[in-house]
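Would you like some company while you read a new structure? Here is a short conversation between a learner and a teacher.

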Amino acid sequence: GSNKELGYDMVMGMQACFKSVNAAGGVGGRQIELIVKDDGYEPNQALENMQELFEGNQIFAVIGNVGTPTAEKTFRYANENKYLFFAPFTGAQSLRRDPPDRYVFNYRASYADETAAMVHYFVEKKRIAPGKIAVFAQNDSFGEDGLAGVAKALEKYNIQPENIIRVGYERNTTQIASAVKAIEELKDQIDALIMVATYKPAALLVQQLKDRQLNLLTAAVSFVGSDPLAQQFKEMGSAYAEGVIVTQVVPYYLSNATGVLRYRAAMRKYYPLSKPGFVSLEGFIAAECLIEGLKKVEAAGETVTTENVINALEKINNLDLGIGPIINFGPSRHQASNRVWGTVLDKDAKYKELEMQ
């Protein structure tokens, strides 16, 4: 669907990890096989895929589900059937209950974490009035989740949720004309725009706002797909990209952090024609977290069952993968990282690191 690049990149990153592990003898002598299905970014297809994977393919766990509307359906199925649902590519709050669902584990920071970082940056660093921050969001659970995150972050500035300007578009479309019109009409009330969107509508919106000389500060959550977003800007004219902020849930993929160097080495070996990127790095880190759980089961001499793996994952403590945050899981914590990194595009549509705190 409209997010196919995110799916490809997640798979590539996970495979780079699994292939490295398999080449080194696997886990306890067993090889890992990744079975991939395309849901077209449609929830009902995602659910059908899950049923087929668990009941037909007899898989052991699902990893890296891309998307909030799809995950809303698939994680419920996993919960009901006591299947392991690991590291989905979504920051949705419904997958981060307190206390957590036993069968759901997340690697990435939530959309609430990402939007809080944006609001903090706009208000505290760029001195934007909190009431002049608007939201451009997909009209579904993904958009609602992002909007809820912005509302929570703006609460401390006494902005009521109903007073936040929100414009949107329909999933799997690029119909943004009404959003552009609304922003133009309300331009005196908006100084910054938080985008909870996929890359095509986000890039088109920025292009049309800049063509109308509406110089708002814009920031997109990581789900936008950083690399396809940059590519989209290059096709439009890379100058449109300048100043667009994207929050990330992994460190910069060209950094010299130990974990990132390990990722790039695996990518060079198994995907020499592909460039490193934020999404494949996330897939790689998520896969490493799962491998750690499997290794703990093997080390304890236990059978690899869902319950044993979950118990082992909950014992992961002070795991340093060389990416910055130290990873801790536990019975009350199924969230590996809450860390958010800032990046900003330059006039050549290239990412630079941005200090947001």
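The dialogue below goes through a sheet, its helices and two pockets of this predicted model.

Q: Where should I start with the sheet, and what is the order of its strands?
A: Start by following which strand pairs with which. Here seven strands form an open sheet in the order β5-β4-β6-β7-β8-β9-β10, and the pairing is mixed. At the edges are β5 (166–169) and β10 (351–354), each of which pairs on one side only. On average, neighbouring strands of this sheet are turned by 25° against each other, direction ignored.

Q: How many bridges join β6 to β7, and do the two strands run parallel or antiparallel?
A: Look at the bridges, then at the direction of each strand. Strand β6 (residues 192–196) and strand β7 (residues 217–220) run parallel and are joined by four bridges. Within this pair, Leu193 has Thr218 of β7 as its bridge partner, and Ala192 stands opposite Leu217 in β7.

Q: Which helix does the chain pass through from β6 to β7?
A: Trace the chain out of one strand and into the other. From β6 it goes through helix α7 (residues 199–211) to β7, a right-handed β-α-β crossover. Another right-handed β-α-β unit is made by β7, helix α8 (residues 226–236) and β8. In that unit, β7 and strand β8 (residues 245–248) pair in the parallel sense over two bridges, with Ala220 opposite Val246 in β8.

Q: What is the volume of the largest pocket, and which residues are closest to its centre?
A: Take the volume, then the lining. The largest pocket has a volume of about 1100 Å³. It is lined by 41 residues, and the closest to its centre are Leu34, Ile35, Ala61, Val62 and Ile63. Helix α1 (4–23) is one of the elements that supply at least two residues of this lining, and α1 gives the most, with seven residues. By class, the lining of the largest pocket holds 23 nonpolar, 11 polar and seven charged residues.

Q: Which element gives the most to the lining of the second largest pocket?
A: Read this one in the same way. About 600 Å³ of space lies in the second largest pocket. Of its 24 lining residues, Asp227, Pro228, Gln231, Lys275 and Pro276 are the closest to the centre. The elements α1, α7 and α8 each supply at least two residues of the lining, and α8 gives the most, with seven. This lining divides into 10 nonpolar, five polar and nine charged residues.

Notes:
Residues numbered from 1 in each chain as written. Predicted model: local features only at pLDDT ≥ 70, side-chain atom pairs only at ≥ 80, totals over all residues. Heavy atoms only, no water. Pairing = 2+ DSSP bridges. Axes fitted to C-alpha atoms, helices over the stretch in contact; angles between N-to-C directions. Right-handed = clockwise from strand over helix to strand, strands pointing away. 1 Å grid on protein atoms, 1.4 Å probe; cavity = no way out; pocket = protein on both sides within 12 Å on 5 of 7 lines; lining within 4 Å. Points joined across faces, edges and corners; volume = space filled by probe spheres on them. Nonpolar A, V, L, I, M, F, W, Y, C, P; charged D, E, K, R; others polar.
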